[in-house]
Amino acid sequence: MAIVEKVIEAPPQRVFDVLADGWTYSDWVVGTVHVRDVDDAWPRVGARLHHKAGPWPFSLQDVSTVLVHEPPRKLALRAGLWPAGEAIVVFTLEPVGEHATRVRIGEDFAAGPLRWIRNKLNDLVLHQRNKETLRRLADISTRQKADR
C-alpha cells in the first residue's frame with residue numbers, strides 16, 4: 001500500500017469535516033472531476049458517493065463506498081473506477097499539537113486490471129497524485145479555518 005502523509009494546520013475534526021462532505025470530493029481528490037450524487041447517510045459505513053473520474057470525453061462514472069467511519073480519526077473507502085478496477089483508500093488523522101493534524105492517505109488497488117499491472121511508474125504516479133490530493137485537502141481545511 002502506497003502511503004503519503006502531510007501535516008495540515010487545522011485540528012482533526014476540521015479536516016474530518018472536509019472528508020465527511022462528499023460534495024467537495026471533486027475539489028480535492030485528484031482525478032475526480034464531478035460528484036453526481038452523495039447518499040444521505042454519507043460518510044457512514046455502506047454509504048456511497050457517485051462520481052465521474054478522468055478527462056472528458058473519456059470520464060467514467062462509478063461509485064465509492066465507505067468501509068470504515070471513525071470520526072475524527074479514520075475513513076476508509078472502496079473507490080471504484082471500472083473498467084480499470086477498484087482501490088482501497090484509507091485516510092488516518094492524528095493530532096499534532098493543538099491546531100494541526102497529520103493526515104496519512106494509503107491507497108492500494110483491490111480489484112481489476114490495475115491490480116495486476118503494478119510497477120514503479122504506477123507507484124510514482126499514485127504517490128504524486130496523493131501528494132496533490134493532500135495539498136488540496138489542506139487548502140480546503142485551512143480555508144474553512146479562515147472563514148470562521
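**A predicted model, question by question**

At 3% relative accessibility, Gly85 counts as buried. The model is predicted.

Colleague: Why does Gly85 count as buried?
Modeller: Gly85 sits in strand E6. Buried means under 20% relative accessible area. Gly85 counts as buried because its relative accessibility is 3%.

Colleague: What distance separates the C-alpha atoms of Gly85 and Ala110?
Modeller: Gly85 belongs to strand E6. Along the chain, Gly85 and Ala110 are 25 residues apart. In space, their C-alpha atoms are separated by 7.4 Å.

Colleague: How many helices and strands does the protein chain have?
Modeller: Read along the sequence, the pattern is β-α-α-β-β-β-β-β-β-α-α. The secondary structure comes to four helices and seven strands.

Colleague: What share of the residues of the protein chain counts as buried?
Modeller: The cut-off for buried is under 20% relative accessible area. The protein chain has 148 residues. The share that counts as buried is 41%.

Colleague: What part of the exposed area of the protein chain do carbon and sulfur atoms supply?
Modeller: The protein chain exposes about 8000 Å². Carbon and sulfur atoms supply 55% of it.

Colleague: Which residues of H1 are buried?
Modeller: Helix H1 covers residues 12–19. This helix is mostly covered, with six of its eight residues buried. They are Pro12, Arg14, Val15, Phe16, Val18 and Leu19.

Colleague: What is the bridge partner of Thr65 in E5?
Modeller: Start with E3 and E4, which pair in the antiparallel sense over six bridges. There, Arg48 has Thr65 in E4 as its bridge partner. E4 and E5 also pair in the antiparallel sense, over six bridges. On that side, the partner of Thr65 is Arg78.

Colleague: Which residue takes a positive phi in the hairpin of E3 and E4?
Modeller: Most residues other than glycine have a negative phi. This hairpin has six residues between the strands. The phi in question is near 95°, and the residue is Gly54.

Colleague: Where does the cis peptide bond with omega of about 10° lie, and which residues does it join?
Modeller: Most peptide bonds are trans. This one is cis. Pro43 lies in the loop between strand E2 and E3. The residues joined are Trp42 and Pro43.

Colleague: What is omega for the cis peptide bond of Pro71 and Pro72?
Modeller: A hairpin joins E4 to E5 through three residues. Pro72 is found in the loop between those strands. The bond joining Pro71 and Pro72 is cis, with omega of about -10°.

Colleague: Which residues lie nearest the centre of the largest pocket?
Modeller: Rolling a probe the size of a water molecule over the atoms shows where empty space is left. The largest pocket has a volume of about 660 Å³. Its lining has 33 residues. Nearest the centre lie Val30, Leu81, Glu107, Leu126 and Arg129.

Colleague: Which element gives the most to the lining of the largest pocket?
Modeller: Several elements each supply at least two residues of the lining, including helix H2, strand E3 and strand E7. The top contribution is six residues. That comes from H4.

Colleague: How many residues of the lining of the largest pocket are charged?
Modeller: The lining residues divide into three groups. The nonpolar group has 20 residues and the polar group 10. The charged residues number three.

Conventions:
Residues numbered from 1 in each chain as written. Predicted model: local features only at pLDDT ≥ 70, side-chain atom pairs only at ≥ 80, totals over all residues. Heavy atoms only, no water. Buried < 20%, exposed > 50% of the residue type's maximum accessible area, 1.4 Å probe, protein only. Areas by Shrake-Rupley, 256 points an atom, 1.4 Å probe, with all protein chains shown as cover. 1 Å grid on protein atoms, 1.4 Å probe; cavity = no way out; pocket = protein on both sides within 12 Å on 5 of 7 lines; lining within 4 Å. Points joined across faces, edges and corners; volume = space filled by probe spheres on them. Nonpolar A, V, L, I, M, F, W, Y, C, P; charged D, E, K, R; others polar. Pairing = 2+ DSSP bridges.
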